[in-house]
Amino acid sequence: MICKLFVFRHAETFDNSRGIFSGWRDSELTLKGISQAQEIAEQLKRYQIDYAFTSHLRRARKTLEVVLQGRPFVPVFTDDRLIERCYGLLQGK
């Protein structure tokens, strides 16, 4: 059996567009970010997706939600081992 693993990060957030270290801050996706997630969905549309994994951060969950749109039966697992690193005092700067 051949398995494929697709790994992608969250799409652009407001913090990303402003050059701000997000870390554990929970910045929302921009319109560009939503478009980027739709592009990922388009690239993956010919593949079967059996499982999906995300952190609890909204930016990651929203990116995955857009990517999985039209695939209502894909089980999604939340695991914070996937979370971005904490930047300490640099978060939000």
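Buried means under 20% relative accessible area, a cut-off to keep in mind for the views below. The model shown here is a predicted one.

**View 1. The whole chain, from end to end.**
Let's start with the overall picture. The chain holds three helices and two strands, and if you follow it from the N terminus, the elements come in the order α-α-β-α-β. Measured out along the principal axes, its C-alpha atoms fill a box of roughly 45 × 25 × 20 Å. Of its 93 residues, 31% count as buried. Look at contacts with a separation of 6 or more, and 66% of them turn out to link residues 24 or more positions apart.**View 2. Helices α2 and α3, side by side.**
Here we zoom in on helix α2 (residues 31-44) and helix α3 (residues 58-67). Their axes come within 8 Å and cross at roughly 45 degrees, so α2 and α3 are oblique to each other. The crossing of α2 past α3 is right-handed.

**View 3. Who meets whom between α2 and α3.**
Stay with this pair of helices and look at the side facing the partner. On α2, the residues to find are I34, A37, Q38, I40, A41 and L44. They meet T63, V66 and V67 of α3. Sorted by type, the residues of this contact come out as seven nonpolar, two polar and no charged.

**View 4. T63, up close.**
Is T63 buried or exposed? This residue of helix α3 has a relative accessibility of 1%, so T63 counts as buried. A polar atom of the T63 side chain lies 2.8 Å from the backbone oxygen of R59. What does T63 touch once its neighbours within four places in sequence are left aside? The answer is F8, R9, H10, A11, L29 and A37. A37 may ring a bell, as it is also one of the α2 residues in the contact with α3.

**View 5. R81, after strand β2.**
Now move along to the segment after β2 (76-78), where R81 is found. With 75% relative accessibility, R81 counts as exposed, because the cut-off for that label is over 50%. The side chain of R81 is joined to the side chain of D79 by a polar contact of 2.6 Å. For a sense of scale, pick out R46 as well: R81 and R46 are 35 residues apart in sequence, and their C-alpha atoms are 28 Å apart in space.

Definitions and conventions
Residues numbered from 1 in each chain as written. Predicted model: local features only at pLDDT ≥ 70, side-chain atom pairs only at ≥ 80, totals over all residues. Heavy atoms only, no water. Axes fitted to C-alpha atoms, helices over the stretch in contact; angles between N-to-C directions. Helix = DSSP H or I, 4+ residues; strand = E, 2+ residues; numbered from the N terminus. Parallel < 35°, antiparallel > 145°, perpendicular 65-115°, else oblique. Left-handed = near helix turned anticlockwise from the far one by under 90°. Contact = heavy atoms within 4.5 Å. Nonpolar A, V, L, I, M, F, W, Y, C, P; charged D, E, K, R; others polar. Buried < 20%, exposed > 50% of the residue type's maximum accessible area, 1.4 Å probe, protein only. Polar contact = N/O pair within 3.5 Å; in protein donor to acceptor, adjacent residues only side chain to side chain.
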